[in-house]
Amino acid sequence: MQWTNTERGYGWLSIALHWLALVAIVAMFWSGFAADNAGEMGDREARRALMGFHIAFGASVALIIFARIALHFAQRQPTPVPQTPALSFISTATHKLLLLAILIQFISGPLAVWSGGRDINVFDLFTIPTPFAAENEAVHEGAEVAHAIGRWMLFGLIVLHVLGALKHAFIDRDGVLRRMLAPAKD
């Protein structure tokens, strides 16, 4: 069983972390947008419950997300398929910026909670205490802005990433999408 990446394709570890990260990010988008919507509708109780889920779920999947990012840089990446220099640049930039946007979210989110004077409650199982002695409005505002920018950056990059995958699958038919579904046979 091929656990690590090779020049021909991704290993099971990268594949599993990629799809787990996708599920986590979709859940985070859903809960974050639903909480915002509940707040705009004036339903403070629903907003509080959804934000509680958003924060707890984010904390519970943080290790998977950080492992996904670290593994990307710790392992070799499969050899890119031949394409124009412009498309090659867009592909590489999209992947690196996606990882950066994810990192922004998973740093700014906890900072926004902690700098607001709150601990992170993980489904009432345990809490991650705030490192701040008191509320810090400057850090809180900066973290909120970074989280908002990161959310839209992440959304746009995911759309670009999916469009690129679909291009490879249906136009180029070059096996790039297959590499993220199962390791290449040697």
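Here are some exercises with worked solutions on a predicted model of a protein chain.

## Exercise 1: Getting your bearings

Work out which secondary structure elements the chain holds and in what order they come.

*Solution.* Start with the count: the protein chain has 5 helices and 2 strands. Next, walk along the sequence and write down each element as you meet it, which gives α-α-α-β-β-α-α. Then look at the overall dimensions: along its principal axes, the C-alpha trace spans about 55 × 30 × 25 Å.

Now for the inside and the outside. The chain has 186 residues, and 33% of them count as buried. Its accessible surface comes to about 11,300 Å², with 69% of that belonging to carbon and sulfur atoms. Finally, check who touches whom: of the contacts with a separation of 6 or more, 70% are between residues 24 or more positions apart.

## Exercise 2: Hunting for salt bridges

Find how many salt bridges the whole structure has, and say which residues make them.

*Solution.* A search of the whole structure turns up 3 salt bridges. Let's take them in turn.

Step one: the side chains of Asp36 and Arg151 meet at 2.7 Å, N to O. This pair ties together distant parts of the chain, since Asp36 lies in helix 1 (residues 12-40) and Arg151 in helix 4, 115 residues apart. Asp36 is partly exposed at 25% relative accessibility, and Arg151 is partly exposed too, at 21%.

Step two: Glu45 pairs with Arg48, and their closest N and O atoms are 2.7 Å apart. Both sit in helix 2 (residues 44-74), and because they are 3 residues apart there, about one helical turn separates them. Arg48 counts as exposed, with 55% relative accessibility.

Step three: Lys167 and Asp172 bring their side chains together at 2.2 Å, N to O. Lys167 is partly exposed at 22% relative accessibility, and Asp172 is partly exposed at 33%.

## Exercise 3: A charge without a partner

Arg68 has no salt bridge; find where Arg68 is and what surrounds it.

*Solution.* First, place the residue: Arg68 belongs to helix 2. Second, look for a partner of opposite charge. The nearest such side chain is that of Asp174, and it is 16 Å away. A salt bridge needs a nitrogen and an oxygen within 4 Å. Arg68 is buried all the same. Third, list the neighbours: leaving out residues up to four places away in sequence, Arg68 touches Leu17, His18 and Ala21.

## Exercise 4: Buried or exposed?

Decide whether Ser31 and Leu125 are buried or exposed, and explain why.

*Solution.* The cut-offs do the work here: under 20% relative accessible area is buried, and over 50% is exposed.

Take Ser31, which is in helix 1. Its relative accessible area is 0%, so Ser31 is buried. Setting aside residues up to four places away in sequence, Ser31 is in contact with Leu50, Phe53 and His54.

Now take Leu125, in the loop between strand 1 (120-122) and strand 2 (126-128). Leu125 has 68% relative accessibility, so it counts as exposed. You can also try a distance: Leu125 and His161 are 36 residues apart in sequence, and their C-alpha atoms are 35 Å apart in space.

## Exercise 5: Patches on the surface

Identify which residues make up a nonpolar patch and which make up a patch of negative charge.

*Solution.* Begin with the nonpolar one. Trp152, Phe155, Val159, Val162, Leu163, Leu166, Phe170 and Ile171 form this patch, and together they have about 820 Å² of accessible area. Pick out Phe170 as an example: it is found in helix 4. Phe170 counts as exposed because its relative accessibility is 58%.

Turn to the negative patch, where Glu135, Glu137, Glu141 and Glu144 gather. Glu141 is in helix 4, which covers residues 137-172. With a relative accessible area of 41%, Glu141 is partly exposed.

To finish, zoom out to the charges of the chain as a whole. There are 14 positive and 14 negative charges, and the mean positions of the two sets are 14 Å apart.

Definitions and conventions. Residues numbered from 1 in each chain as written. Predicted model: local features only at pLDDT ≥ 70, side-chain atom pairs only at ≥ 80, totals over all residues. Heavy atoms only, no water. Patch = residues over 30% accessible without salt bridge, like charges linked within 9 Å, V, L, I, M, F, W, Y side chains within 5 Å. Areas by Shrake-Rupley, 256 points an atom, 1.4 Å probe, with all protein chains shown as cover. Lys, Arg positive; Asp, Glu negative; His and termini not counted. Charge placed at Lys NZ, Arg CZ, Asp CG, Glu CD. Helix = DSSP H or I, 4+ residues; strand = E, 2+ residues; numbered from the N terminus. Buried < 20%, exposed > 50% of the residue type's maximum accessible area, 1.4 Å probe, protein only. Contact = heavy atoms within 4.5 Å.
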